[in-house]
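Here is a short report on helices and single residues in one protein model. Take a look at the model first, then read on.

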Amino acid sequence: LRSSRDLSDANSSVLGCRRRKGVEAPLQKPIRAQTPWAFVPTLYFLQGLPYSIVQTVTTTFFTLMKVDLAALGHWSSLIAAPWTFKPLWSPVVDLIGRKRTWIIAMQALVLAGFGGMVLAVSGSEFLLWTTIACGWIGLWSATHDIALDGFYLLALDRPAQAMFSGVRSACFRLAMVFVTGGIVTFAGWLEKQGYSVQESWQLAMGGAAVVYAACMAWSAFVMPAPVTDGPVKGTSGPPFIEALASYFRQPPLPAILAFILLFRVGELMLVKMTSPFLMNPVAEGGMALSTEEFGLIYGTLGIVALVTGGIVGGVVIARRGLRRCLWPMAIAMHA
């Protein structure tokens, strides 16, 4: 992308990164959107929504359906693999087509996955088909992330990139809170109205699909078309091989790979067991919260903490720089 050592986007596009000295990304005059505020918040909300749905369905829904705890941890971790290993196929996105086209196409595939999810949660073989639907959503959502992070660097100049760093983080996390505090709470409310767990989650997933479709339509309408948006061409040899070779020629490669794979490992181990811990009976080591209580807690305290942290973190990074902030923030998160 612009710097092979810019770890702010390492976990999405590091394999396809290309250094471009002194080159900013001029835009075509967008007809419908003249400010990043029109498209950045929506696009990063759309980035966070599928991830949050998959994580919530494979933990909270499976907990309510009394899926074995070991199986829950296994499948929820396995389904998250596309987001972990997406750098492996990021060169394909960089070398073929436009980032804007990738974004719209991946959103359409994710939306189809939401349709499959609506059917999967209500069937007798819910574990199998829900897992397949989550895997489908995870694969295309991870690919969408690669294209979106590349598009972000093309559509915004450097000052705007720094300014909107906190905004995009906050919108991603706002999607997480929307799912946990809105969708889960709605499912819990439906349970209280007499619907079964599967019927409640089917309706809740349908609501999530409608929200995703509406945001998708808006983003497709307002996204600008950067003139630099196109395939990255290598200087010699097959483009894919050239991109891959340039990646492995980087001196700090072991450190980069370790960072990508380990940066969030502590958080991820904790998140998988959050729903069982809060919702299982006290006799099983849980806190016995209802579905609605669980959703409301995440939707109140969660939204305050996540949005505030995202915005404040972005402001601090814009003033002090990512390199100086990264390790203190990472240590604070793990502590």
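Helix α6 (residues 99-120) has 22 residues, and at 1.5 Å a residue these should span 32 Å. The end C-alpha atoms of α6 are 31 Å apart, which agrees. The expected span is 1.5 Å times one less than the number of residues. Helices here are DSSP runs (H or I, at least four residues), numbered from the N terminus.

This is a predicted model: local features need pLDDT of at least 70, side-chain atom pairs count only at pLDDT 80 or more, and totals for chains, interfaces and linings use all residues. Residues are numbered from 1 along each chain as its sequence is written, and side-chain values use heavy atoms, leaving out hydrogens and water.

Which residues of α6 are buried? Among them are Trp102, Ile103, Met106, Val110, Phe114 and Met117. Buried means under 20% relative accessible area, exposed over 50%, and partly exposed in between (1.4 Å probe, protein chains only). The buried residues of α6 cover an arc of only 155° around the axis, which puts them on the same side of α6. The arc is that of the directions from the helix axis to the C-beta atoms. An α-helix has 3.6 residues a turn, so residues three or four places apart point the same way. The buried residues of α6 pack against α2, α5 (90-95), α7 (126-155) and α10 (197-222). Contact means heavy atoms within 4.5 Å.

Helix α15 (residues 322-334) has 13 residues. It reaches 18 Å from its first C-alpha to its last, close to the 18 Å expected. Cys325, Leu326 and Ala330 are buried in α15. They cover an arc of only 125° around the axis, which puts them on the same side of α15. On the other side, Arg324, Trp327, Ile331 and Ala332 are exposed.

Now for three single residues.

| Residue | Helix | Relative accessible area |
|---|---|---|
| Valine 54 | α2 (residues 40-64) | 0%, buried |
| Threonine 185 | α9 (residues 165-192) | 12%, buried |
| Valine 265 | α13 | 36%, partly exposed |

Not counting residues up to four places away in sequence, valine 54 touches Ile79, Trp83, Cys134 and Ile137. Valine 54 and tryptophan 136 are 82 residues apart in sequence, yet 10.0 Å apart in space, C-alpha to C-alpha. With the same residues left out, threonine 185 touches Thr180, Glu292, Gly295 and Leu296.

How values were computed:
Helices (H or I, at least four residues) and strands (E, at least two) are DSSP runs, numbered from the N terminus.
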